[in-house]
Amino acid sequence: MELNDPVTVLSGVGEKKSVTLNKLGINTVNDLLTYFPWRYDDLSVKDPQTTESGQKVTIRGVVATEPTVNFFGRKKSRLRFLLKVDGQTYPVTFFNQPWLKKQLELNHEVSVYGTFDAARQQINGMKLIKQELGSSFDSIYPATKEVKQNTIKKLVKTAFDEYESVIPEVLPESLIQKYRLESFHDMIKNVHFPKSPKDADKAFRTAKFMEFFFFSMRIQQLKKMHRQENDASVVQYDDQLLTKFSQKLPFSLTDSQQKVTDEILKDLNSPYPMNRLLQGDVGSGKTVVAAISMFATVTSGKQAVIMAPTEILAEQHAENLANMFSDFDVNIALLTGATSAQARRAMLPNIENGEINIIVGTHALFQDSVHYHDLGLAVIDEQHRFGVNQRQAMREKGEGTNVLAMTATPIPRTLAITMYGDMDVSIINQMPNGRKPVKTTWISATKTKSALAFLKKQLLAGKQAYVVTPLIEESEAVDMKNAVAIYERFQAIFEPEFKVGLLHGRMTNDEKNTAMTDFASNKFSVLVATTVIEVGVDVKNANVMLIFDADHFGLSQLHQLRGRVGRSSEQAYCVLIADPKTENGRKRMEIVAESSDGFYLSQKDLELRGQGDITGKQQSGVPDFKVADPVEDLNILNVANQEAQRITSESDWKRKPENVQLAKYLKMNQHIFTD
Ligand code: ADP
Ligand code: MG
């Protein structure tokens, strides 16, 4: 019996339930025990007389009237009774929980948890608690339709009761002492079953430390692995061919591109595997740097891959590279999830025997069934879309494989040191000549007409435009425009004069590719699209972008999106259409309109990231942590990182008695960092 047991060992978890749990990232008992509540409801009984209006409170009293239930509307109901507390009666209402009537008995004691309305001296009930609980906090977990709140609660309790005695101490005792942390056991106990908010806070402090510390340990371990000398990683490229290739490019490299290319070539030529992060704002021209690096690798007789997060982007890279390499002896293949079984079967042997020397693709590139002849270089485009372990999996496809990770969403230096602590960094800090920043304006939805008029002017001048919408089809997010509706609206306005196309995530891959290539070849003028276009795609003639509900995107994401236009020397425009409801939201719109500096925006993105702003967070280039927040908890992050560095700096750290459990736990839980 150990924490790494699969959840199926718990009673009540069969195959079916385990699948739904897996979707929440819960595979093992350990995952379940570290699946933390996102808030607590205070169920300790309070005096209504000292409760402020609008507060959530638990009051306890005697049921003073027979409960009544009224049904209205479709499936709606109202249950009412009076609750007598210290001689005073309070009306209680429960909406849509008619079954509670059966649990209420006249003259019996109950507790009601809900929102207190002081003016009317009444309570809007949310939970009914029959037994006396004393002081208690109810842990509320992130739940889904498939895995309900109560299920998680019950499973956590079962798991804790059964495994409590085998929860090891994973942190070295010296760290626990030094930072006054809780033991792993106490942390788990107090996070799930706190006696007071203070208990929970303390436990969360430990949980955050542990999360950062484990992450840093993983990074440090990877760094060590990568720094090992390995002759297999030497790429002896052909200088003459490389010069010839550069001369055939339709432009000359910027100084910045040249500088990072030199850094990369130097790395490739050394017996230490490269592990380099290439940062450069959208449009700064990272692809050509990758292409030169890949070509260099191929001239040495080795293979190179470029991995992109979406199929559209992979397709585009494949096409782009095929053009660039057309005069050279290079065999390119495209391998994605959409590649047909037949094409795969034909391709795989040629990847294995080295016949194909450049492979462009998605996650499919590191599947078990794919074997490389001699993988010299793996380029990972839009690297923030991949996790630490995916990067590692790609690297492990070869012997001493060099890795070039590219990203346009830079993160602040303080964070980068930890987050990408295992990598060397190159920065492109210059745009190609003649590039003008995208002129960005923010307007209210009521002004949409003027934006359409502007759009039409650009179309008449022969330009193309993107129209971006946040969600497709009917979604719960009530009044968001959806791509299909906007597509139809734009067709009605602009066709037949200007053709309108549609691109969204639920289209098949063939449909997506057709839409994208048709747009690229100017078969239609307007492309209505969801965020599937946010990364990488490159259509030079498109110079206008309209973004509906722009406030639903994060700053970095808006910057990425707008980076789809302004990819030539022509002036480009971006119109943000939004009516943000908060001050923060308005500020964000102003900032994107004013600044075209990706570094600055990513910093602001982290600072202004509101709660529930998931899209922004995902785009900010910072890995998602479960409980810790790399910005808010930066101090903890720095300390945890220092400690991880100190511990791993000793080559025999795993054998030290105080680190044995830690090493074991890390080994068991590498999967935590897969995305
Ligand atoms: P990103 O860094 O966002 O991936 P890309 O590599 O897609 O940017 O490059 C953006 C556009 O700039 C492409 O159309 C590319 O051909 C062009 N480009 C790249 N480098 C230069 C350069 N030195 N001079 C002119 N255009 C360039
Ligand atoms: Mg790119």
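Which residue has a backbone N or O atom 3.1 Å from an oxygen atom of ligand 1? In this predicted model, the residue is G285. Two arginine side chains also make polar contacts with oxygen atoms of the ligand, R435 at 2.8 Å and R567 at 2.6 Å. The table sets out the three contacts.

| Residue | Protein atom | Distance to an oxygen atom of ligand 1 |
|---|---|---|
| G285 | backbone N or O | 3.1 Å |
| R435 | side-chain N or O | 2.8 Å |
| R567 | side-chain N or O | 2.6 Å |

Ligand 1 taken alone exposes 560 Å², and the protein buries 86% of that area. Around the ligand there are 17 residues, of which G283, T287, D538, K540 and R567 come nearest.

The second largest pocket has a volume of about 1400 Å³. Its lining consists of 50 residues, and those nearest the pocket centre are F251, N320, D538, K540 and R567. Two or more lining residues come from each of helix 7 (239-248), helix 8 (255-268), helix 9 (286-299), helix 10 (311-324) and helix 16 (509-520). Helix 10 contributes the most, with nine residues.

Both domain 3 (239-428) and domain 4 (439-596) supply at least three residues to this lining. By class, the lining residues of the second largest pocket divide into 18 nonpolar, 19 polar and 13 charged.

D538, K540 and R567 appear among the residues that come nearest to ligand 1, and the same names appear among those nearest the centre of the second largest pocket.

Note on methods: Residues are numbered from 1 along each chain as its sequence is written. Chains are lettered from A and ligands numbered from 1 in the order in which they are written. This is a predicted model: local features need pLDDT of at least 70, side-chain atom pairs count only at pLDDT 80 or more; totals for chains, interfaces and linings use all residues. Side-chain values use heavy atoms; hydrogens and water are left out. On a 1 Å grid over the protein atoms alone, a cavity is a set of points where a 1.4 Å probe fits but cannot get out, and a pocket is an open set with protein on both sides within 12 Å along at least five of seven lines; lining residues have an atom within 4 Å of a point. Grid points are joined across faces, edges and corners, and a volume is the space filled by probe spheres set on the points. Helices (H or I, at least four residues) and strands (E, at least two) are DSSP runs, numbered from the N terminus. Ala, Val, Leu, Ile, Met, Phe, Trp, Tyr, Cys and Pro count as nonpolar, Asp, Glu, Lys and Arg as charged, and the others, Gly among them, as polar. Domain bounds come from an automatic or database domain assignment. A residue is near a molecule or strand if one of its heavy atoms lies within 4 Å of it. A polar contact is a pair of N or O atoms within 3.5 Å; within protein, one must be able to donate a hydrogen and the other to accept it, and residues adjacent in sequence count only if both atoms are side-chain atoms. Accessible areas come from the Shrake-Rupley method with a 1.4 Å probe; for residues, only the protein chains shown count as cover.
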